[in-house]
Amino acid sequence: SHRFSHLETAPPDAILGLSEAFGADSNPNKLNLSVGVYKDETGKTPILEVVKAAEKKILEEEATKGYLPIEGSPEYAEDVRKLVFGDAVAQDRTVVVQTPGGTGGLRVAADFMRTQLPQVKVWMPNPTWANHPAIFMSSGVPTETYRYLADDRTSLDLDGMLQTLRESASAGDVILLHGCCHNPTGIDPSGDDWKQIAQVVEEKKLLPLIDFAYQGFGDGIEQDAVGLRTILQHTDEALVCSSFSKNFGLYSERVGAICLVAADAENATAARSQLKRTVRTNYSNPPRHGASIVATILGDPQLTAQWKEELESMRQRITRLREQFVQTMKSTGSGHDFGFLLRQRGMFSYSGLTPMQVDELKSKYGIYIVGSGRINVAGMSESKMQYFCDSVASVLS
Ligand code: PMP
């Protein structure tokens, strides 16, 4: 008999399946609010102009396609360190390892925990990005969830969160936090909430693992790092997984990093060697091109300024769409108040739409939203806002 004849077909990715259906839909007003990528007014995910400029430079100047070191490009690592930590941590206590996207960083973090911190559990917010539990499971790291979303499904249950951690987490456990722009809810802790979370991290000696996939999409590059830096005032050890998929629009180039903060330089050196060992057995060394785009941009003040402008305009478009949606929904007279979207950050929000309403939006109006009701705000369009809101109002009535 054949060796693969007993295999069962794994379930398809729910979100990517929706995008296929979207592609085949002939409705001229169709909208795709499902997959988590930034989109412009025309529904395209553009290449930033600054990225094109950097690539031009790279095309002319790049002299080799030889392997990068296991830990990636040192220039890139230094750029990442400054973006993520500013001057919050001494350089010799940090380790930055370039990874294939934020996902690669999370997988390296998970394998590192499995081998070097075998006692720990990872506490994840409920809900969280669906790939989080999957990655830890693949690495064999046990997970638990802490309360995050309040019963109103539009705000943070901070007391519930802190209580779960105080009562149930063990000293030394890992707490997964979204640095900003929580996926899938868009609900972030306030500055004061972060201080209370940091207190519990200190009290319970938790190791923070901060997933930082949307720096610059919330309130700005520096503002979005406030939570992370607050946490770092209360612990001298942490892990941070960064991604430049969103803020540089480099999705397919796989650009990310795992950053580790150790108590001192000696611990950092040992940790670096273990992270490298993990990388070596996973993919040997990271891809060059995307990181060299980031390093080219951040190594040139003019290109950096241009990047900040382009990032800011993506951020502002999302804010504007949130405002327009709330206003336009109000004008439909549906009686549903979507004001909570204005308190949320980043590309995502839980709309509160039920699976049945989501289904009706797809079949009747060509509007594609995932079953949980999570919407990608960046998938909205100013010119189709009225159509979108009328459609939402009609399924709500
Ligand atoms: N973390 C979160 C919360 C995300 O939403 C994403 C992107 N969907 C990632 C990490 C990883 O992104 P990437 O691997 O594409 O850099």
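## Helix α11

In this predicted model, the residues that cover the buried part of helix α11 include ones from α2 (49–61), α10 (289–298) and α13 (385–396). The buried residues of α11 are Trp307, Leu311, Met314, Arg315, Ile318, Leu321, Arg322, Phe325, Thr328 and Met329.

Helix α11 covers residues 301–331, 31 residues in total. At 1.5 Å a residue the helix should span 45 Å, and its end C-alpha atoms are 45 Å apart, so the expected span and the model agree. Just after α11, Gly333 has a positive phi of about 70°.

## Ligand shell

The ligand is surrounded by 13 residues, of which Gly101, Gly102, Thr103, Ser243 and Ser245 come nearest. By class, the shell consists of nine polar residues, three nonpolar residues and one charged residue.

Helix α4 (residues 101–116) supplies three residues, the largest share of the shell around the ligand.

## Surroundings of Trp123

Trp123 is part of strand β3, which runs over residues 122–126. With 24 other C-beta atoms within 10 Å, Trp123 meets the cut-off of 20 or more and is therefore buried.

Apart from neighbours within four places in sequence, the contacts of Trp123 are Glu144, Tyr146, Leu165, Ala169, Asp173, Val174, Ile175 and Leu176. One of these contacts, Tyr146, is 23 residues from Trp123 in sequence, while the C-alpha to C-alpha distance between Trp123 and Tyr146 is 6.2 Å.

Key. Residues are numbered from 1 along each chain as its sequence is written. This is a predicted model: local features need pLDDT of at least 70, side-chain atom pairs count only at pLDDT 80 or more; totals for chains, interfaces and linings use all residues. A residue is near a molecule or strand if its C-beta atom, placed from the backbone, lies within 6 Å of it. Helices (H or I, at least four residues) and strands (E, at least two) are DSSP runs, numbered from the N terminus. Ala, Val, Leu, Ile, Met, Phe, Trp, Tyr, Cys and Pro count as nonpolar, Asp, Glu, Lys and Arg as charged, and the others, Gly among them, as polar. The expected span of a helix is 1.5 Å times one less than its number of residues. A residue is buried if 20 or more other C-beta atoms lie within 10 Å of its own, exposed if 12 or fewer, and partly exposed in between; C-beta atoms are placed from the backbone. Two residues are in contact if their C-beta atoms, placed from the backbone, lie within 7 Å.
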